[in-house]
Amino acid sequence: MPGLLDPLFRGSAVDAVFTDAATVQGMLDFEAALARAEAALSIIPAGADIAIACQCRVEQIDLDALALAAAKAGNTAIPLVKALTAKVAAADRDASRFVHWGATSQDIMDTGLVLQIRQALPLVDEGLAALEGHLARLAATHAETPLAARTWMQQALPTTFGLKAAGWMAAVGRARRAVAASGRDCLVLQFGGAAGTLAALGDRGLEVAEALARGLDLILPDLPWHGHRDRLVALGAALGLVAGVLGKMARDLSLLMQTEVGEAFEPAEAGKGGSSAMPHKRNPVACAVALSAATRVPPLVATLFAAMPQEQERGLGGWHAEWETLPEIFRLVGGSLRVMTDTMAGLEVDAARMRANLDITRGLLMSESVVMALGEALGRGPAHSLVEKAGRQAVAEGRALGEVLATLPEVTAHLSPQQLAAALDPSGYLGMAPQFVARALAARNSSRDA
(Lines give C-alpha, C1' and ligand atoms only; values in the text may rest on other atoms or scores of the structure.)
Protein backbone atom coordinates (compact mmCIF):
# COMPACT_ATOMS: atom_id res chain seq x y z
CA MET A 1 0.00 0.00 0.00
CA PRO A 2 1.51 3.38 -0.97
CA GLY A 3 2.24 5.99 1.63
CA LEU A 4 -0.11 8.96 1.96
CA LEU A 5 2.18 11.26 -0.05
CA ASP A 6 3.61 8.71 -2.47
CA PRO A 7 1.14 9.47 -5.30
CA LEU A 8 2.06 13.16 -5.01
CA PHE A 9 5.84 13.11 -4.73
CA ARG A 10 6.65 9.74 -6.31
CA GLY A 11 3.98 7.74 -8.10
CA SER A 12 5.97 6.64 -11.15
CA ALA A 13 6.75 3.19 -12.54
CA VAL A 14 10.12 3.44 -10.78
CA ASP A 15 8.37 2.93 -7.44
CA ALA A 16 7.63 -0.72 -8.22
CA VAL A 17 11.34 -1.41 -8.74
CA PHE A 18 12.20 -0.34 -5.20
CA THR A 19 9.50 -1.95 -3.08
CA ASP A 20 10.59 -4.17 -0.20
CA ALA A 21 9.44 -7.20 -2.17
CA ALA A 22 11.47 -6.16 -5.21
CA THR A 23 14.55 -5.61 -3.07
CA VAL A 24 14.27 -9.09 -1.56
CA GLN A 25 13.60 -10.64 -4.96
CA GLY A 26 16.78 -9.08 -6.30
CA MET A 27 18.77 -10.73 -3.54
CA LEU A 28 17.04 -14.06 -4.17
CA ASP A 29 17.85 -13.77 -7.87
CA PHE A 30 21.50 -13.49 -6.87
CA GLU A 31 21.25 -16.63 -4.72
CA ALA A 32 19.57 -18.63 -7.48
CA ALA A 33 22.14 -17.54 -10.05
CA LEU A 34 25.00 -18.32 -7.66
CA ALA A 35 23.71 -21.84 -7.12
CA ARG A 36 23.33 -22.39 -10.88
CA ALA A 37 26.85 -21.14 -11.58
CA GLU A 38 28.37 -23.34 -8.90
CA ALA A 39 26.41 -26.42 -9.94
CA ALA A 40 27.48 -25.92 -13.56
CA LEU A 41 31.09 -25.89 -12.37
CA SER A 42 30.52 -28.95 -10.12
CA ILE A 43 31.38 -26.91 -7.05
CA ILE A 44 28.06 -27.85 -5.46
CA PRO A 45 26.21 -31.11 -6.23
CA ALA A 46 24.13 -31.37 -9.36
CA GLY A 47 20.50 -30.71 -8.57
CA ALA A 48 21.26 -28.59 -5.52
CA ASP A 49 20.88 -25.52 -7.68
CA ILE A 50 17.39 -26.55 -8.71
CA ALA A 51 16.34 -27.12 -5.12
CA ILE A 52 17.74 -23.73 -4.12
CA ALA A 53 16.33 -21.82 -7.09
CA CYS A 54 12.85 -23.24 -6.50
CA GLN A 55 12.75 -21.48 -3.14
CA CYS A 56 14.11 -18.14 -4.43
CA ARG A 57 10.72 -16.49 -4.71
CA VAL A 58 9.83 -13.51 -2.59
CA GLU A 59 6.31 -14.74 -1.95
CA GLN A 60 7.91 -17.55 0.05
CA ILE A 61 9.48 -15.04 2.46
CA ASP A 62 7.78 -13.44 5.46
CA LEU A 63 8.85 -9.84 4.94
CA ASP A 64 7.62 -8.67 8.34
CA ALA A 65 9.66 -11.34 10.10
CA LEU A 66 12.62 -10.52 7.87
CA ALA A 67 12.44 -6.85 8.84
CA LEU A 68 12.40 -7.66 12.55
CA ALA A 69 15.32 -10.06 12.19
CA ALA A 70 17.31 -7.50 10.20
CA ALA A 71 17.07 -5.08 13.10
CA LYS A 72 19.15 -7.52 15.16
CA ALA A 73 21.39 -8.87 12.40
CA GLY A 74 22.43 -5.46 11.04
CA ASN A 75 21.34 -6.16 7.47
CA THR A 76 18.62 -8.00 5.57
CA ALA A 77 20.92 -10.52 3.92
CA ILE A 78 21.75 -12.50 7.06
CA PRO A 79 18.16 -13.36 8.04
CA LEU A 80 17.20 -13.79 4.38
CA VAL A 81 19.90 -16.43 3.85
CA LYS A 82 18.78 -18.13 7.05
CA ALA A 83 15.14 -18.13 5.92
CA LEU A 84 16.08 -19.35 2.44
CA THR A 85 18.19 -22.13 3.89
CA ALA A 86 15.28 -23.28 6.03
CA LYS A 87 12.95 -23.27 3.01
CA VAL A 88 15.41 -25.33 0.97
CA ALA A 89 16.02 -27.72 3.87
CA ALA A 90 12.31 -28.44 4.14
CA ALA A 91 12.41 -29.76 0.57
CA ASP A 92 16.00 -31.01 0.25
CA ARG A 93 18.20 -31.08 3.35
CA ASP A 94 21.38 -31.90 1.41
CA ALA A 95 20.89 -28.99 -0.98
CA SER A 96 20.37 -26.58 1.91
CA ARG A 97 24.04 -27.03 2.89
CA PHE A 98 25.03 -25.13 -0.26
CA VAL A 99 22.86 -22.02 0.00
CA HIS A 100 24.97 -18.82 -0.26
CA TRP A 101 28.09 -20.94 -0.91
CA GLY A 102 31.22 -18.77 -0.85
CA ALA A 103 29.34 -15.46 -0.81
CA THR A 104 28.91 -12.73 1.81
CA SER A 105 26.05 -10.46 2.83
CA GLN A 106 27.35 -7.50 0.85
CA ASP A 107 27.57 -9.60 -2.32
CA ILE A 108 23.88 -10.43 -2.19
CA MET A 109 22.74 -6.93 -1.22
CA ASP A 110 24.93 -4.98 -3.63
CA THR A 111 24.20 -7.23 -6.58
CA GLY A 112 20.51 -7.22 -5.72
CA LEU A 113 20.63 -3.41 -5.83
CA VAL A 114 22.43 -3.52 -9.18
CA LEU A 115 19.65 -5.71 -10.56
CA GLN A 116 17.08 -3.15 -9.37
CA ILE A 117 19.08 -0.34 -10.93
CA ARG A 118 19.05 -2.24 -14.22
CA GLN A 119 15.25 -2.32 -14.10
CA ALA A 120 14.95 1.34 -13.13
CA LEU A 121 17.32 2.85 -15.69
CA PRO A 122 15.14 2.17 -18.77
CA LEU A 123 12.15 3.67 -16.97
CA VAL A 124 14.05 6.86 -16.22
CA ASP A 125 15.45 7.00 -19.73
CA GLU A 126 12.01 6.47 -21.24
CA GLY A 127 10.65 9.36 -19.20
CA LEU A 128 13.53 11.64 -20.12
CA ALA A 129 13.17 10.75 -23.80
CA ALA A 130 9.45 11.53 -23.72
CA LEU A 131 10.05 14.84 -21.96
CA GLU A 132 12.81 15.75 -24.40
CA GLY A 133 10.42 15.05 -27.26
CA HIS A 134 7.69 17.30 -25.85
CA LEU A 135 10.22 20.08 -25.33
CA ALA A 136 11.54 19.70 -28.87
CA ARG A 137 8.01 20.15 -30.17
CA LEU A 138 7.54 23.28 -28.08
CA ALA A 139 10.90 24.65 -29.22
CA ALA A 140 10.11 24.10 -32.88
CA THR A 141 6.56 25.46 -32.63
CA HIS A 142 7.60 28.60 -30.77
CA ALA A 143 11.03 29.24 -32.26
CA GLU A 144 9.89 32.75 -33.24
CA THR A 145 7.23 33.37 -30.57
CA PRO A 146 8.52 36.48 -28.78
CA LEU A 147 8.41 36.95 -25.04
CA ALA A 148 10.35 38.95 -22.51
CA ALA A 149 13.58 37.43 -21.27
CA ARG A 150 13.99 38.02 -17.54
CA THR A 151 17.31 38.57 -15.82
CA TRP A 152 17.47 39.12 -12.07
CA MET A 153 13.69 38.59 -12.18
CA GLN A 154 13.22 41.73 -14.29
CA GLN A 155 12.32 42.13 -17.95
CA ALA A 156 15.55 42.33 -19.92
CA LEU A 157 15.27 41.92 -23.72
CA PRO A 158 12.99 40.07 -26.11
CA THR A 159 13.70 36.40 -26.61
CA THR A 160 11.49 33.58 -27.85
CA PHE A 161 9.59 30.93 -25.97
CA GLY A 162 11.12 28.42 -28.34
CA LEU A 163 14.59 29.35 -27.12
CA LYS A 164 13.48 28.90 -23.52
CA ALA A 165 12.05 25.46 -24.35
CA ALA A 166 15.19 24.57 -26.31
CA GLY A 167 17.27 25.41 -23.24
CA TRP A 168 15.15 23.04 -21.14
CA MET A 169 15.40 20.38 -23.86
CA ALA A 170 19.18 20.58 -24.16
CA ALA A 171 19.61 20.32 -20.38
CA VAL A 172 17.34 17.27 -20.28
CA GLY A 173 19.44 15.69 -23.03
CA ARG A 174 22.67 16.29 -21.14
CA ALA A 175 21.22 14.88 -17.93
CA ARG A 176 19.87 11.89 -19.82
CA ARG A 177 23.31 11.10 -21.20
CA ALA A 178 24.87 11.48 -17.75
CA VAL A 179 22.41 8.99 -16.25
CA ALA A 180 22.96 6.55 -19.10
CA ALA A 181 26.75 6.67 -18.78
CA SER A 182 26.85 6.36 -15.01
CA GLY A 183 24.13 3.72 -15.12
CA ARG A 184 26.15 1.55 -17.48
CA ASP A 185 29.09 1.73 -15.08
CA CYS A 186 26.88 0.43 -12.28
CA LEU A 187 25.78 -2.73 -14.05
CA VAL A 188 28.59 -4.83 -12.59
CA LEU A 189 28.56 -7.92 -10.41
CA GLN A 190 29.50 -7.67 -6.76
CA PHE A 191 31.08 -10.96 -5.69
CA GLY A 192 34.09 -11.06 -3.43
CA GLY A 193 33.21 -13.15 -0.44
CA ALA A 194 33.97 -12.13 3.11
CA ALA A 195 36.98 -9.90 2.40
CA GLY A 196 37.02 -9.48 -1.37
CA THR A 197 39.30 -12.45 -2.10
CA LEU A 198 36.78 -15.30 -2.67
CA ALA A 199 39.07 -17.42 -0.53
CA ALA A 200 36.16 -19.69 0.47
CA LEU A 201 36.09 -20.98 -3.11
CA GLY A 202 39.79 -21.81 -3.22
CA ASP A 203 41.22 -21.50 -6.71
CA ARG A 204 37.77 -21.62 -8.34
CA GLY A 205 36.60 -18.18 -7.24
CA LEU A 206 37.16 -16.39 -10.51
CA GLU A 207 35.47 -19.19 -12.45
CA VAL A 208 32.40 -18.85 -10.28
CA ALA A 209 32.43 -15.08 -10.62
CA GLU A 210 32.60 -15.33 -14.41
CA ALA A 211 29.75 -17.87 -14.54
CA LEU A 212 27.68 -15.83 -12.08
CA ALA A 213 28.15 -12.64 -14.10
CA ARG A 214 27.05 -14.47 -17.25
CA GLY A 215 24.03 -15.91 -15.48
CA LEU A 216 22.91 -12.49 -14.28
CA ASP A 217 23.94 -10.77 -17.52
CA LEU A 218 26.15 -8.35 -15.62
CA ILE A 219 29.67 -7.16 -16.34
CA LEU A 220 32.37 -8.83 -14.27
CA PRO A 221 34.56 -6.05 -12.88
CA ASP A 222 38.30 -6.49 -12.54
CA LEU A 223 37.93 -6.94 -8.81
CA PRO A 224 35.25 -6.77 -6.11
CA TRP A 225 34.21 -3.27 -5.04
CA HIS A 226 32.83 -3.69 -1.53
CA GLY A 227 34.57 -0.60 -0.14
CA HIS A 228 34.60 1.44 -3.35
CA ARG A 229 31.26 3.14 -3.92
CA ASP A 230 32.12 5.59 -6.69
CA ARG A 231 29.94 3.91 -9.31
CA LEU A 232 26.79 4.21 -7.22
CA VAL A 233 27.66 7.73 -6.12
CA ALA A 234 28.18 8.83 -9.73
CA LEU A 235 24.74 7.47 -10.62
CA GLY A 236 23.20 9.26 -7.65
CA ALA A 237 24.89 12.49 -8.75
CA ALA A 238 23.57 12.07 -12.31
CA LEU A 239 20.06 11.59 -10.95
CA GLY A 240 20.63 14.70 -8.89
CA LEU A 241 21.32 16.52 -12.15
CA VAL A 242 17.98 15.33 -13.45
CA ALA A 243 16.24 16.63 -10.33
CA GLY A 244 17.95 20.00 -10.75
CA VAL A 245 17.16 20.25 -14.47
CA LEU A 246 13.50 19.49 -13.79
CA GLY A 247 13.54 21.95 -10.92
CA LYS A 248 14.88 24.70 -13.18
CA MET A 249 12.10 23.98 -15.63
CA ALA A 250 9.51 24.04 -12.85
CA ARG A 251 10.86 27.30 -11.44
CA ASP A 252 10.61 28.97 -14.85
CA LEU A 253 7.11 27.68 -15.50
CA SER A 254 5.81 28.63 -12.06
CA LEU A 255 6.99 32.19 -12.68
CA LEU A 256 5.34 32.23 -16.10
CA MET A 257 2.10 31.10 -14.43
CA GLN A 258 1.98 34.06 -12.03
CA THR A 259 -1.23 36.05 -12.36
CA GLU A 260 0.65 39.20 -13.40
CA VAL A 261 2.58 37.27 -16.08
CA GLY A 262 0.17 34.61 -17.33
CA GLU A 263 2.25 33.44 -20.29
CA ALA A 264 2.18 29.65 -19.88
CA PHE A 265 0.24 27.21 -17.72
CA GLU A 266 0.24 23.63 -16.54
CA PRO A 267 -2.57 21.76 -18.32
CA ALA A 268 -5.93 22.21 -16.63
CA GLU A 269 -7.57 19.20 -15.04
CA ALA A 270 -10.51 18.71 -12.70
CA GLY A 271 -9.37 18.82 -9.10
CA LYS A 272 -5.87 20.02 -9.98
CA GLY A 273 -4.26 23.15 -8.60
CA GLY A 274 -7.20 24.45 -6.63
CA SER A 275 -7.30 26.11 -3.23
CA SER A 276 -9.28 25.12 -0.15
CA ALA A 277 -10.10 28.80 0.42
CA MET A 278 -9.90 30.60 -2.94
CA PRO A 279 -11.98 29.15 -5.78
CA HIS A 280 -10.19 31.20 -8.43
CA LYS A 281 -6.73 29.76 -7.76
CA ARG A 282 -4.86 27.74 -10.39
CA ASN A 283 -1.76 26.62 -8.55
CA PRO A 284 1.34 25.13 -10.25
CA VAL A 285 1.14 21.80 -8.44
CA ALA A 286 3.38 19.88 -10.84
CA CYS A 287 6.02 22.56 -10.46
CA ALA A 288 5.71 22.22 -6.69
CA VAL A 289 6.45 18.49 -6.92
CA ALA A 290 9.48 19.04 -9.16
CA LEU A 291 10.78 21.85 -6.97
CA SER A 292 10.32 19.67 -3.91
CA ALA A 293 12.42 16.94 -5.52
CA ALA A 294 15.04 19.49 -6.56
CA THR A 295 15.24 20.53 -2.91
CA ARG A 296 15.23 17.04 -1.39
CA VAL A 297 17.49 15.11 -3.76
CA PRO A 298 20.75 17.11 -3.36
CA PRO A 299 21.06 16.29 0.37
CA LEU A 300 20.46 12.63 -0.48
CA VAL A 301 23.23 12.81 -3.08
CA ALA A 302 25.39 14.43 -0.42
CA THR A 303 24.69 11.43 1.81
CA LEU A 304 26.12 9.14 -0.87
CA PHE A 305 29.22 11.30 -1.12
CA ALA A 306 29.57 11.44 2.65
CA ALA A 307 29.34 7.64 2.81
CA MET A 308 32.18 7.09 0.33
CA PRO A 309 35.16 6.95 2.76
CA GLN A 310 34.36 3.44 3.92
CA GLU A 311 36.71 1.57 6.20
CA GLN A 312 39.23 -0.83 4.73
CA GLU A 313 37.71 -3.75 2.78
CA ARG A 314 34.11 -3.51 4.08
CA GLY A 315 32.51 -0.38 5.50
CA LEU A 316 30.69 0.25 8.77
CA GLY A 317 27.79 2.67 8.66
CA GLY A 318 28.65 4.26 5.33
CA TRP A 319 27.41 1.22 3.43
CA HIS A 320 24.30 1.15 5.60
CA ALA A 321 23.61 4.81 4.81
CA GLU A 322 23.23 3.96 1.12
CA TRP A 323 20.47 1.39 1.44
CA GLU A 324 17.51 3.73 1.57
CA THR A 325 19.23 6.70 -0.04
CA LEU A 326 19.73 5.67 -3.66
CA PRO A 327 16.24 4.10 -3.98
CA GLU A 328 14.71 7.28 -2.55
CA ILE A 329 16.64 9.37 -5.09
CA PHE A 330 15.29 7.18 -7.88
CA ARG A 331 11.73 7.44 -6.59
CA LEU A 332 11.77 11.21 -6.09
CA VAL A 333 13.32 11.78 -9.51
CA GLY A 334 10.78 9.40 -11.02
CA GLY A 335 7.93 11.40 -9.50
CA SER A 336 9.35 14.72 -10.65
CA LEU A 337 9.91 13.36 -14.14
CA ARG A 338 6.35 12.02 -14.25
CA VAL A 339 4.71 15.36 -13.46
CA MET A 340 6.96 17.46 -15.69
CA THR A 341 6.54 15.12 -18.65
CA ASP A 342 2.76 15.28 -18.29
CA THR A 343 2.96 19.06 -17.93
CA MET A 344 5.05 19.66 -21.03
CA ALA A 345 2.89 17.25 -23.03
CA GLY A 346 -0.13 19.49 -22.45
CA LEU A 347 1.49 22.86 -21.72
CA GLU A 348 -0.82 25.81 -22.42
CA VAL A 349 1.10 28.65 -24.08
CA ASP A 350 -0.48 32.11 -24.34
CA ALA A 351 1.53 33.71 -27.17
CA ALA A 352 -0.73 36.79 -27.19
CA ARG A 353 -0.04 37.45 -23.52
CA MET A 354 3.67 36.98 -24.16
CA ARG A 355 3.53 39.62 -26.86
CA ALA A 356 1.45 41.98 -24.75
CA ASN A 357 3.85 41.71 -21.83
CA LEU A 358 6.65 42.95 -24.08
CA ASP A 359 4.89 46.32 -24.11
CA ILE A 360 4.23 46.81 -20.41
CA THR A 361 7.42 48.84 -19.92
CA ARG A 362 6.30 51.14 -22.76
CA GLY A 363 9.47 50.63 -24.74
CA LEU A 364 12.05 50.46 -21.94
CA LEU A 365 12.61 46.81 -22.79
CA MET A 366 14.08 47.96 -26.10
CA SER A 367 16.64 50.36 -24.65
CA GLU A 368 19.62 48.23 -25.71
CA SER A 369 18.26 48.08 -29.25
CA VAL A 370 18.12 51.89 -29.39
CA VAL A 371 21.63 52.16 -27.93
CA MET A 372 22.95 49.89 -30.66
CA ALA A 373 21.08 51.88 -33.35
CA LEU A 374 22.57 55.16 -32.09
CA GLY A 375 25.93 53.69 -31.19
CA GLU A 376 27.37 53.78 -34.70
CA ALA A 377 26.99 57.56 -34.78
CA LEU A 378 27.46 58.50 -31.12
CA GLY A 379 29.56 55.65 -29.75
CA ARG A 380 28.18 53.05 -27.38
CA GLY A 381 28.97 54.95 -24.15
CA PRO A 382 27.32 58.26 -25.08
CA ALA A 383 24.39 56.43 -26.67
CA HIS A 384 23.91 54.42 -23.47
CA SER A 385 23.91 57.55 -21.32
CA LEU A 386 21.47 59.28 -23.64
CA VAL A 387 18.97 56.39 -23.67
CA GLU A 388 19.32 55.87 -19.92
CA LYS A 389 18.46 59.53 -19.31
CA ALA A 390 15.53 59.31 -21.73
CA GLY A 391 14.29 56.21 -19.90
CA ARG A 392 14.30 57.98 -16.56
CA GLN A 393 12.38 60.88 -18.11
CA ALA A 394 9.83 58.50 -19.63
CA VAL A 395 9.21 56.85 -16.27
CA ALA A 396 8.98 60.19 -14.44
CA GLU A 397 6.52 61.63 -16.97
CA GLY A 398 4.51 58.44 -17.52
CA ARG A 399 5.33 58.42 -21.24
CA ALA A 400 6.57 55.78 -23.67
CA LEU A 401 10.28 55.69 -24.30
CA GLY A 402 9.71 56.25 -28.02
CA GLU A 403 7.79 59.46 -27.34
CA VAL A 404 10.65 60.90 -25.34
CA LEU A 405 13.34 59.78 -27.79
CA ALA A 406 11.43 61.35 -30.69
CA THR A 407 11.77 64.78 -29.04
CA LEU A 408 15.55 64.60 -28.60
CA PRO A 409 17.64 66.24 -31.34
CA GLU A 410 20.54 63.87 -30.55
CA VAL A 411 18.26 61.04 -31.63
CA THR A 412 16.36 62.56 -34.52
CA ALA A 413 19.62 63.73 -36.10
CA HIS A 414 20.67 60.13 -36.60
CA LEU A 415 17.48 58.05 -36.67
CA SER A 416 14.46 58.60 -38.90
CA PRO A 417 11.01 57.94 -37.42
CA GLN A 418 10.98 54.63 -39.28
CA GLN A 419 14.41 53.65 -37.93
CA LEU A 420 13.42 54.59 -34.39
CA ALA A 421 10.21 52.56 -34.70
CA ALA A 422 12.23 49.59 -35.94
CA ALA A 423 14.62 49.88 -33.02
CA LEU A 424 11.65 49.83 -30.64
CA ASP A 425 10.00 46.75 -32.23
CA PRO A 426 10.53 43.64 -30.04
CA SER A 427 9.97 41.21 -32.91
CA GLY A 428 12.88 42.77 -34.77
CA TYR A 429 15.32 42.30 -31.89
CA LEU A 430 15.33 38.54 -31.37
CA GLY A 431 18.96 38.16 -32.36
CA MET A 432 19.99 34.57 -32.98
CA ALA A 433 17.14 33.07 -30.95
CA PRO A 434 15.52 31.20 -33.89
CA GLN A 435 18.92 30.04 -35.13
CA PHE A 436 19.91 28.82 -31.67
CA VAL A 437 16.67 26.85 -31.53
CA ALA A 438 17.46 25.28 -34.89
CA ARG A 439 20.97 24.40 -33.72
CA ALA A 440 19.66 22.77 -30.54
CA LEU A 441 17.09 20.74 -32.47
CA ALA A 442 19.70 19.67 -35.01
CA ALA A 443 22.07 18.63 -32.22
CA ARG A 444 19.32 16.56 -30.64
CA ASN A 445 18.52 14.86 -33.93
CA SER A 446 22.21 14.19 -34.52
CA SER A 447 22.61 12.56 -31.11
CA ARG A 448 19.55 10.38 -31.75
CA ASP A 449 20.99 9.20 -35.07
CA ALA A 450 24.43 8.48 -33.61
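V333 touches L239, V242, A243, L246 and V297, leaving aside residues up to four places away in sequence. Start there. The model is a predicted one, and V333 is a good entry point. This valine sits in helix 13, which covers residues 325–345. Is V333 buried or exposed? V333 is buried, because its relative accessible area is 1%, and the cut-off for buried is under 20%. Now look along the chain to G162. V333 and G162 are 171 residues apart in sequence. Their C-alpha atoms are separated by 25 Å.

Turn next to the nonpolar cores. The largest one has 114 residues. Which members touch the most other members of this core? They are F191, F330 and M344. Helix 7, residues 105–141, gives the most to this core. Its share is 15 residues. In soluble globular proteins, nonpolar side chains tend to be buried together.

Take F191 and look around it. Residues up to four places away in sequence are again not counted. F191 touches F30 and L34. It also touches G102, A103 and D107. Further along the chain, F191 meets L198, L201, G205, V208, A209 and L212. P224 completes the list of its contacts. There is also a second core, separate from the largest one. This second core has 18 residues, including A390, L401, V404 and L408.

Aromatic rings come next. The whole structure holds five aromatic pairs. In one pair, the ring centres of F161 and W168 lie 6.0 Å apart. Why is this pair edge-to-face? The ring planes of F161 and W168 stand at 85 degrees, so the pair is edge-to-face; the cut-off for that label is over 60 degrees. Both partners can be checked for exposure. F161 has a relative accessible area of 0%, so F161 is buried. W168 has 3% relative accessibility and therefore counts as buried.

Charged side chains tell another part of the story. How many salt bridges does the structure hold? It holds 16. One of them joins K248 and D252, with 3.0 Å from N to O. Both residues lie in helix 10, residues 230–256. They are four residues apart, about one turn of the helix. The two ends of this bridge fall in separate exposure classes. K248 is partly exposed, because its relative accessible area is 48%. D252 is at 13% relative accessibility, so D252 counts as buried.

Now find R399. Its side chain meets that of E397 in a salt bridge, at 2.7 Å from N to O. R399 also meets E403 in a salt bridge, at 3.8 Å from N to O. What is the exposure of these residues? R399 counts as partly exposed, because its relative accessibility is 27%. E397 is partly exposed as well, with a relative accessible area of 43%. E403, at 40%, is also partly exposed. Elsewhere, salt bridges link D125, E132, R176 and R444 in a network.

Step back to the domains. The domain assignment gives two entries for this protein. Domain 1 is made of 5–13, 105–203 and 215–352. Domain 2 is 359–428. How far apart do the C-alpha centres of domain 1 and domain 2 lie? They lie 45 Å apart. Five residues of domain 1 are in contact with six residues of domain 2. The size of an interface is often given as the accessible area lost when the parts come together. Here, the area buried between domain 1 and domain 2 is about 510 Å². Carbon and sulfur atoms give 70% of that area. On the domain 1 side, Q155, L157 and P158 supply 79% of the area buried against domain 2. That is more than any other three residues supply. Between domain 1 and domain 2, the count of salt bridges is zero.

End at A67. This residue is found in helix 4, residues 63–73. Its relative accessibility is 48%, so A67 counts as partly exposed. From A67, follow the chain to L80, 13 residues apart. The C-alpha atoms of A67 and L80 are separated by 9.5 Å.

How values were computed:
Residues are numbered from 1 along each chain as its sequence is written. This is a predicted model: local features need pLDDT of at least 70, side-chain atom pairs count only at pLDDT 80 or more; totals for chains, interfaces and linings use all residues. Side-chain values use heavy atoms; hydrogens and water are left out. A nonpolar core is a set of buried Ala, Val, Leu, Ile, Met, Phe, Trp, Tyr and Cys residues joined through side-chain atoms within 4.5 Å. Buried means under 20% relative accessible area, exposed over 50%, partly exposed in between (1.4 Å probe, protein chains only). Helices (H or I, at least four residues) and strands (E, at least two) are DSSP runs, numbered from the N terminus. Contact means heavy atoms within 4.5 Å. A salt bridge is a side-chain nitrogen of Lys or Arg within 4 Å of a carboxyl oxygen of Asp or Glu. Rings of Phe, Tyr and Trp (its six-membered ring) pair if their centres lie within 6.5 Å; planes under 30 degrees apart count as stacked, over 60 as edge-to-face and the rest as tilted. Domain bounds come from an automatic or database domain assignment. Buried area is the accessible area (1.4 Å probe) that two parts lose on being put together, summed over both.
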